[in-house]
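Here is a short note for your bench file. Please read it with the structure open beside you.

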Amino acid sequence: MDNISNTAEQFDDSFIAKEDRLELLKHIKHLYNTKFGWADDTLMKAMVKYHYNLIVGKMNKDEYAEEKASTDTLSDFLEN
């Protein structure tokens, strides 16, 4: 695994809109529930959190802000 030393103090996802954070978490959780349905809740939470942190950690804040400003709805995003 990559650097797992991301603690709550080091990790910043505040630049992401609340609804986008929730949608990303729902999507990741669905993927893991589908693939690892056998996993208990603790393992599932750890895997989802790791995947979420990995994705958000690689996001470009400026590109995200530009995309948010240029798309008003999900259908706008899907059409582009």
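**Notes on charges and packing**

1. E23 has a relative accessible area of 48%, so it is partly exposed. Its salt-bridge partner is K26, with the closest N and O atoms 3.8 Å apart. The two residues are three apart in helix 1, so about one helical turn separates them. K26 is exposed, at a relative accessible area of 55%. Keep in mind that this is a predicted model.

2. Now the overall layout. The chain has four helices and zero strands. Along the sequence the pattern reads α-α-α-α. Of its 80 residues, 18% count as buried. The chain exposes about 6,500 Å², and carbon and sulfur atoms supply 54% of that area. Take the contacts between residues at least 6 apart in sequence: 65% of them join residues at least 24 apart.

3. How many salt bridges does the structure hold? There are four. One of them joins the side chains of D12 and K61, at 3.7 Å from N to O. This pair links distant parts of the chain. D12 sits in the segment before helix 1 (18-35), K61 sits in helix 3, and the two positions lie 49 residues apart in sequence numbering. Both ends are partly exposed: D12 has a relative accessible area of 38%, and K61 has 44%.

4. K68 and D20 also meet through their side chains in a salt bridge, at 3.1 Å from N to O. K68 belongs to helix 3 and D20 to helix 1, so the pair ties together parts 48 residues apart in sequence. K68 is partly exposed at 33% relative accessibility. D20 is partly exposed at 25%. The pair does not stand alone: E19, D20 and K68 are linked in a network of salt bridges.

5. Is Y64 buried or exposed? Y64 is buried, because its relative accessible area is 14% and the cut-off for buried is under 20%. Y64 is placed in helix 3. Leaving out residues up to four places away in sequence, Y64 touches F15, I16, A17, D20 and M59. F15 is 49 residues from Y64 in sequence, yet their C-alpha atoms are 8.6 Å apart in space.

6. Helix 3 (residues 61-70) also holds D62. D62 counts as exposed, at 57% relative accessibility. Which residues gather with D62 in a patch of negative charge on the surface? They are E63, E66 and E67.

How values were computed:
Residues numbered from 1 in each chain as written. Predicted model: local features only at pLDDT ≥ 70, side-chain atom pairs only at ≥ 80, totals over all residues. Heavy atoms only, no water. Patch = residues over 30% accessible without salt bridge, like charges linked within 9 Å, V, L, I, M, F, W, Y side chains within 5 Å. Areas by Shrake-Rupley, 256 points an atom, 1.4 Å probe, with all protein chains shown as cover. Lys, Arg positive; Asp, Glu negative; His and termini not counted. Charge placed at Lys NZ, Arg CZ, Asp CG, Glu CD. Buried < 20%, exposed > 50% of the residue type's maximum accessible area, 1.4 Å probe, protein only. Contact = heavy atoms within 4.5 Å.
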